[in-house]
Amino acid sequence: MEIIIQPTPEAASLLAARHLAQLIREKPNAVLGLATGHTPLALYRELIRLHREDGLDFSRVTTFNLDEYVGLPPAHPASYHAFMQEHLFAHVNVSPSRIHLPDGLATDIPASCRAYEEAIRAAGGIDLQLLGIGGDGHIGFNEPSSSLASRTRIKTITERTRRDNAYAFATPDAMPHHVLTMGVGTIMDARQVLLLAFGAKKADAIAAALEGPITAMNPASILQMHPVAKYLLDEPAAAKLTRLDYYRWVYDGKPDWQKV
Ligand code: PGA
């Protein structure tokens, strides 16, 4: 685990953007696993800036998003299709044919989820999976009690996550109860994972995920088993880690070439 603590979400997001940009420059046909929510917004803004000002080229990049609400058409303003268009895709030169999100309108949901897994395999697998974390330790929409070996499938959102995400909907009742999400096993197959967490609301989940036991009660904890897992945290999100000084010391002592 590489635990990197930055003074602000903006500083962490700039580092994350630089890391993604480096991957895209080294591997122009990189396959990126992308996330939605508040957490990656500053990272996406910086990727857009790098595209506009530094020519960061997304033309051969393939993307797979973690999740989508069941029953929302792509044009619905709270859908993750719409979120990704608004915050990234409309502003960079990614090819629409290389963009993938789960199909919230699928009539045969199990078949659609199998096809999503197959599309990831056919693309060569995900090079880097970007993740946020829920206050309950969820990654994607893999809520506590999710199988740590799960694949893309339908899940029921917890009441807590419904409250956390209600801001995107006109009324809380307008929010679907179900989502399609990559499974924990799908996420674990990515060659590299980059988890971002900002704010005091994430501190308990981060402490449990990084320093607690591996448990389906905190699905992010399985990332302890991932060979290339990087965590970019701001100070409040890192505040409940017991080995904070050690993590800082490790990162500060790294040679520049090894730093994110
Ligand atoms: P947030 O959501 O980025 O809006 O905090 C993260 C998540 O629920 O995974």
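**Close-up views of the ligand site and a nearby loop****View 1. A polar side-chain atom of Lys202 comes within 2.6 Å of a ligand oxygen atom.** His138 also has a polar side-chain atom 2.6 Å from an oxygen atom of the ligand. At His38 a backbone N or O atom takes this role, 2.9 Å from a ligand oxygen atom. (A polar contact is a pair of N or O atoms within 3.5 Å.) On its own the ligand has 280 Å² of accessible area, and the protein covers 82% of that area (Shrake-Rupley method, 1.4 Å probe). Please keep in mind that this is a predicted model, where local features need pLDDT of at least 70, side-chain atom pairs count only at pLDDT 80 or more, and totals for chains, interfaces and linings use all residues. Residues are numbered from 1 along each chain as its sequence is written, and side-chain values use heavy atoms, with hydrogens and water left out.

**View 2. Eight residues make up the shell around the ligand: one nonpolar, six polar and one charged.** They are Gly37, His38, Thr39, Gly132, Ile133, Gly134, His138 and Lys202, each with a heavy atom within 4 Å of the ligand. In this classing, Gly counts as polar, while Asp, Glu, Lys and Arg count as charged.

**View 3. The largest pocket holds the ligand.** More than half of the ligand's atoms lie within 2 Å of the pocket's grid points. The pocket contains about 610 Å³ of space. Its lining has 28 residues, and Gly37, Thr39, Ile133, Asn165 and Lys202 are the closest to its centre. (A pocket is an open set of points on a 1 Å grid where a 1.4 Å probe fits, with protein on both sides within 12 Å along at least five of seven lines; lining residues have an atom within 4 Å of a point.) The α5 helix gives the most to this lining, with four residues.

**View 4. Ser145 has a positive phi of about 90° although it is not a glycine.** Ser145 lies in the loop between β6 and β7 (153-156).

How values were computed
A polar contact is a pair of N or O atoms within 3.5 Å; within protein, one must be able to donate a hydrogen and the other to accept it, and residues adjacent in sequence count only if both atoms are side-chain atoms. Grid points are joined across faces, edges and corners, and a volume is the space filled by probe spheres set on the points. Helices (H or I, at least four residues) and strands (E, at least two) are DSSP runs, numbered from the N terminus.
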